[in-house]
Amino acid sequence: MPDDPLIFDPHGGMPRLIEIMRRLRDPDSGCPWDIEQDFGTIAPYTIEEAYEVADAIEREAWGELKDELGDLLLQVVFHAQIARDKGMFGFDDVADAISDKMVARHPHVFGDESRDKSAEQQTRDWETVKAAERAAKAQTGVLDGVALGLPALLRAVKLQKRAARVGFDWPDASHVLDKITEEAGELREAAETLPHEKVEEEFGDLLFVMANLARHMGVEPEAALRGANAKFTRRFEKIEGWLAEDGREPGQSDLDEMDALWDRAKAEERGEG
């Protein structure tokens, strides 16, 4: 319905996107699917879109990044419109809230504090401000405010960082490596003698300590695992390609042959081929 020039204005910016979402959610003339959605049903898409932004950056696919950021922005607009429909808040309220937060957390830029401080000092100041914000929300526990909806690996690191601030931490990575050996032994024992739920518990313990090792080594575990996934995909696709040259698929090969092709792929990547 070309009754609103803003909807079809290619340079309409944020007002255009907000109006599009309002129209999509209109109970009388909107899209039935969009009308039926709520915070819970949209949340998985929000997480997915955030990962697609990260994926485009990881691949340095700069031509895709604009579209992926747009998809993520749409999620924010969608949630804000759901909130407005419920009489809770709107998009401007969301923008104002984060603007207030950023100004409050950067007194060295927007206030009277000196900018002459290291990145490490700024990080400490940032955590002090966030601690005050949590206290204002009556979140007094050390681990309060670490979102339950975070990816489990990311949440593990955040929980460990919080605990480390009050001294609950190993002094260095060597102690974490010792703990990994201990947890791996417990997982092996569980796999041999205990029911599945205990195996899952021990596996979780091992992953949790691995996340702690990443923190001690200054490694971002989600990024490291994404890199490992990409590497596995890249090498396995080479295996598929070499088998295809012989008129075969992986299911027509065996482990010994594919393992040898895997080593060949590794050697090529290292420039040894």
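In the predicted model, the lining of the second largest pocket divides into 7 nonpolar, 2 polar and 2 charged residues. About 250 Å³ of space lies in this pocket, and the residues that line it are Leu 143, Leu 159, Gln 160, Ala 163, Phe 168, Asp 169, Trp 170, Phe 208, Val 209, Asn 212 and Arg 215. Two elements, helix 8 and helix 10 (196-217), each give two or more residues to this lining, and helix 10 provides the largest share, with 4 residues.

The largest pocket encloses about 1,000 Å³ of space and is lined by 23 residues. Of these, Lys 130, Gly 145, Ala 147, Lys 158 and Arg 162 lie nearest the centre of the pocket. At least two lining residues come from each of helix 5 (91-105), helix 7 (119-136) and helix 8 (152-165). By residue class, the lining of the largest pocket consists of 8 nonpolar, 4 polar and 11 charged residues.

The packing of the helices was examined next. Two packed helices are described by the angle between their axes and the distance between the axes. For helix 3 (residues 39-58) and helix 4 (residues 62-85), the packing angle is about 160° and the axes lie 9 Å apart; with angles over 145 degrees counted as roughly antiparallel, helix 3 and helix 4 are therefore roughly antiparallel to each other. Helix 3 passes helix 4 in a left-handed crossing. On the side of helix 3, the contact is formed by Phe 39, Ile 42, Ala 43, Tyr 45, Thr 46, Glu 49, Ala 50, Glu 52, Val 53, Ala 56 and Ile 57, and these residues meet Trp 62, Leu 65, Glu 68, Leu 69, Asp 71, Leu 72, Gln 75, Phe 78, His 79, Ile 82 and Ala 83 in helix 4. The residues of this contact comprise 15 nonpolar, 3 polar and 4 charged.

Helix 4 also packs with helix 1 (residues 13-24), the two axes coming within 10 Å and crossing at roughly 55°. Helix 1 and helix 4 are therefore oblique to each other, and the crossing in which helix 1 passes helix 4 is right-handed. From helix 1, Met 14, Leu 17, Ile 18, Met 21 and Arg 22 meet Leu 73, Leu 74, Val 77, Phe 78 and Gln 81 in helix 4; the residues of this contact divide into 8 nonpolar, 1 polar and 1 charged. Phe 78 of helix 4 is thus listed both in the contact with helix 3 and in the contact with helix 1.

Helix 3, in addition to its contact with helix 4, packs with helix 11 (residues 221-245) at an angle of about 65°, with the axes 12 Å apart. The crossing of helix 3 and helix 11 is right-handed. Tyr 51, Ala 54 and Glu 58 in helix 3 meet Glu 222, Ala 223 and Arg 226 in helix 11, and the residues of this contact divide into 3 nonpolar and 3 charged, with no polar residue present.

Note on methods: Residues are numbered from 1 along each chain as its sequence is written. This is a predicted model: local features need pLDDT of at least 70, side-chain atom pairs count only at pLDDT 80 or more; totals for chains, interfaces and linings use all residues. Side-chain values use heavy atoms; hydrogens and water are left out. Axes are lines fitted to C-alpha atoms, for helices over the stretch in contact, and angles run from 0 to 180 degrees between N-to-C directions. Angles under 35 degrees count as roughly parallel, over 145 as roughly antiparallel, 65 to 115 as roughly perpendicular and the rest as oblique. A crossing is left-handed if the near helix is turned anticlockwise from the far one by less than a right angle, and right-handed if clockwise. Contact means heavy atoms within 4.5 Å. Ala, Val, Leu, Ile, Met, Phe, Trp, Tyr, Cys and Pro count as nonpolar, Asp, Glu, Lys and Arg as charged, and the others, Gly among them, as polar. On a 1 Å grid over the protein atoms alone, a cavity is a set of points where a 1.4 Å probe fits but cannot get out, and a pocket is an open set with protein on both sides within 12 Å along at least five of seven lines; lining residues have an atom within 4 Å of a point. Grid points are joined across faces, edges and corners, and a volume is the space filled by probe spheres set on the points.
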